[in-house]
Amino acid sequence: MCGIIGYTGTENDVQEVLMTGLSGLEYRGYDSAGLAIANGSLAVHKREGEVSALENALPEMTLDGLAGIGHTRWSTHGPPSDENAHPHTDCESRVAVVHNGIIENYQSLREDLTADGHEFNSDTDTEAIPHLIGSALEAGVAPEQAFRQAVDRLEGSYAVAAVFQGEETIYVARNESPLVLGVGDDGHYLASDVPAFLEYTDRVIYLEDGQFARVSPSGIIVTDEQGAVVDTAIDTVDWDPEDAGKSGYDHYMLKEIHEQPTALRKCLRERVSELEHEITVEELATLECSGPVQFVACGTSYHAALYGARLLRENGISAQCFLASEYDAQSIPVSDETLVVGVTQSGETADTMGALRMANQAGATTLALTNVVGSSAARECDHVMYIRAGPEIGVAATKTFVSQQAALTLLSSVLSGAESPTLIKQLRGLPEKLQHVLDESTAQEVSAEFVDADAYFFIGRGYNAPVALEGALKMKEITYKHAEGFAAGELKHGPLALVTEQTPVFALVTGDTAAKTIGNIKEVEARGAPVIAVTDRPAEVGQYASHVLEVPTAGPYLTPILANVQLQLVSYWVAAQLDRSIDKPRNLAKSVTVD
Amino acid sequence: MSLTSAVVLAGGEGSRLRPLTSNRPKPLLPAATRPILEHVFDQLIAAGITDITVVVGYKHNRVQAHFGSTYRNVPLTYVVQEQQLGSGHALLAAESEIDETVLVVNGDQFVESTIISDVLAAHNGDSVGTLGVLTKLQIGSYGGVLVGDGTVAEIVENPQDDRPYQLNAGVYAFEPEIFDAIYEADPQAGEYSLTDAISELLDDSEVQAAISEGTWVDATYPWDLLDISFELLGSGHTDEQCAVTVAESATVHDSAVIREPVVIAPDCEIGAGAVVGPYACLGENTTVGSNAAIERSVLDADTRVETGATVIDCVTGVGVTIGPGTTIPGGPGDVRVGDRVFEDEALGALLSDRVTDDGGSTYVPGTVVGSETTIEAGATVRGTISENTEVRS
């Protein structure tokens, strides 16, 4: 959930690298931020709030030093405060530590350390680590050994980095939390994800679970749990660091909504051929599966998975969908015939990773559907398919959802062997149709009328049901307003009691489920609620709705993808009028790397 | 003088290119297969520019979404000109981004980098401005510049007399004094033009003229996109980054015939027996059905030419479908734009964004079809047809 950056070397200014990295990481978590720079002593600065608060708190003179670490925090243990912000130090301020993940045995560690006379200044689980290291230093152990001994005592998930007073080496370790190392010419980097240092280098080493690394200006040495040196490969990442700019849009979210046609083109490129009448996904060439398929995912990715599971079932493959945090391979039948597909944008989502690992142990074949090359999911699963959406900075997922839906359409075709010429043609036309929605959407005007609503409801059937859920999630995330999505048929089984004149209902009316959904619209209208129909047949549906948001027809499977874009825009414009922190909604983080 | 930053004016619609501009401004219309503005950026980069401010206005989301925050590693800063009140007004929008000498270029015309370099070389700081001029026989509706002794004597928009005018290439180097001149010049019909501001400068200071021989092409009317594209095809300016004419991700059936010069953008698919070219520019993700024939045409992204269609002297917007067996036999034809009729233009047909032709239709030369109009199968299509209509057979 939190973000880590570290740098040692002479090619750049340490403080500048850390601050740049922290700004780039802000979207991962942002209730506090801090940094530590090692020179003769150890300079530690940290503040509650966004990275700009830390910037204001720094001394006017740039902090000199050869090595430093920084952190943006999203609270898990203890509320956001200056004290709870990372880095944390031992009693003598000889070592500073930043950590991402959760130390499960921190209570007992803390009790032991307190009994030994260590004083804790924060409520965090992390603070146990510097005190453990401090104890070892006290006993005369050298820094590297002290760090290893401390990490050996940790249970749970962690990416951890430590700097020592007077040392230019940064020590790092990883277990079930993301950590990547960057290779420069006269300096080296580490971060929880690549964009934090992409401005400085695109050459990276992915650290594996259980590995340690010694990062010094002259080189990076990776070792295993026993301390044996491990040969590592240097990969080159091809993300453009400037992709992270807002390019003139007020928010990343709006930029990313407008990038969706391009994202779709990249997702479909060289995978869909009208000439050959085939859909191929190169990276899945060795995947063989005739089901059953189980999807595991969270949040927006779960909604994409619901869409994907339905597609597979329609193509004759048994498919189920599970919230990753509720997945339990012990109580769900899993065999070596089972394919478990983890849908995760970041490839680091802890809940999804947990489910995938469980599935792997139960003997299933695993497939990661992710946006991030080299992510934990991509490396740990038996197979990986990339959605190629490009970096997404806004916390509320938009273009990655659309790319997930498109990728799942391809996956369903690859698994089932169903290659309908109509679908292929519709897929090739999809980016342009999405552009059409963006060109002509009246969502801004429509949403202006409903900014003050008490609550928002979203209904749809079939492939539109997951889109309704996603529409409501987006609305919750960025407007902080009450919103719920329902399968349209469920409305009368309870939720209809909530419908009033103050609760606009967004109805997704496309494809062969339209007639039944119109029936549901009438139920809503009878209660006086305004109905906003998102539809590809405005002439027919318009008479039942107070407003129409039109989408082009793209067939039964793909029109719901277009309908979703209208809902993204509605949420965006409601949030914009409420002046919400759209790219960084309160209490939320982009990459949820805690269970 | 060496300058590394430039302001590109890309805020205007380019209304004479309607109906192609219904969803995007003229700078995003294709010259060959890439937007005019992309070519402008390429030429700026070739002239050593490393930092670009783009003034956007009409349908600016499309420009921002197309280019993002960098182009070929050159950072792009967007400035939104909410109302488009002339080229001077556009430059004012970027005033806060500028504190010293600045290069200003129109984003809706193709200029070769030599024109840019010639302006930069001529601008030596002694004068408050330098503008690039070209020797052309026809000044037409562009800016005419009277040059004497290397400096601008007079600048006239759309000159009617027969004095020896040179053409204003729309490439300028300005000292910050230009902003005062824009403020001081009287607006003409509510518009603040750079031409008026330059005239204002001429009252009490010197503006140099950099005479250049570089290539300069502009599309005034929609059918000019054909000429501008073919000129680029002939000169190798179609794609600065890769010299191939068929993109790697495009697929061409073994039995299809490609007649150079052509340029085929990524993700295109060309079916069996199709004939593409000579002089054909296929935008991204264009589909050409089996046995279709395309010649002397510029088809923008996501256009579908179905089986057996014939497409000659044709310009399409994005997402156009030309149905099976439809014939667009090519120009010349009379084209009506507003109240004017242009006779014998080499235009087979102009189909704007998302026009759907169901097939088996025939187009009378010079036909212009507005966005999202549907042509029923078997129709004969002629004249100027407005957007969102249905043409029955």
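Here are some notes on the two chains, their domains and a few of their helices and strands.

1. A word on conventions to begin with. This is a predicted model, so please keep in mind that local features need pLDDT of at least 70 and side-chain atom pairs count only at pLDDT 80 or more, while totals for chains, interfaces and linings use all residues. Residues are numbered from 1 along each chain as its sequence is written, and chains are lettered from A and ligands numbered from 1 in the order in which they are written.

2. Domains of chain A. The assignment, which is automatic or from a database, splits chain A into domain 1 (3–242), domain 2 (245–438) and domain 3 (441–595). Between the C-alpha centres of domain 2 and domain 3 of chain A there are 23 Å. Their contact (C-beta atoms, placed from the backbone, within 7 Å) involves 39 residues of domain 2 of chain A and 35 residues of domain 3 of chain A. On the domain 2 side, at least two residues each come from α6 (252–258), α8 (299–314), α9 (350–361), α11 and α12 (421–440) of chain A. The most come from α12(A), with 10 residues. By class, this side of domain 2 of chain A has 19 nonpolar, 16 polar and four charged residues. Here Ala, Val, Leu, Ile, Met, Phe, Trp, Tyr, Cys and Pro count as nonpolar, Asp, Glu, Lys and Arg as charged, and the others, Gly among them, as polar.

3. Helix α11(A) deserves a look. Helices (H or I, at least four residues) and strands (E, at least two) are DSSP runs, numbered from the N terminus. Helix α11 of chain A covers residues 399–416, 18 residues in total, and spans 26 Å from first to last C-alpha, close to the 26 Å expected at 1.5 Å a residue (1.5 Å times one less than the number of residues). Of its 18 residues, 17 are buried, so α11(A) is largely enclosed by the rest of the structure. Buried means 20 or more other C-beta atoms within 10 Å of the residue's own, with C-beta atoms placed from the backbone. After α11(A) comes A:Gly417, with a positive phi near 75 degrees.

4. A hairpin in chain A. Strands β12 (residues 212–216) and β13 (residues 219–223) of chain A run antiparallel and are joined by five bridges; pairing requires at least two DSSP bridges. Two residues lie between β12(A) and β13(A) in this hairpin, and A:Ser216 faces A:Gly219 of β13(A).

5. The sheet in chain B. Seven strands make an open, parallel sheet in the order β17-β20-β23-β26-β31-β34-β37 (chain B). Its edge strands, each paired on one side only, are β17 (262–264) and β37 (384–385) of chain B. Three bridges link β17(B) to β20 (residues 280–282) of chain B, with B:Val262 partnered by B:Ala280.

6. Domains of chain B. Here the assignment gives domain 1 (5–217) and domain 2 (242–391), with 32 Å between their C-alpha centres. Seven residues of domain 1 of chain B and 13 residues of domain 2 of chain B form the contact.

7. Finally, the chains together. Chain B brings 24 residues to the contact and chain A brings 21 residues. Both α2 (60–67) and β6 (74–80) of chain B give two or more residues to the chain B side, and β6(B) gives the most, with four residues. That side of chain B comprises seven nonpolar, 13 polar and four charged residues.

Key
Contact = placed C-beta atoms within 7 Å. Buried ≥ 20, exposed ≤ 12 C-beta atoms within 10 Å, placed from the backbone.
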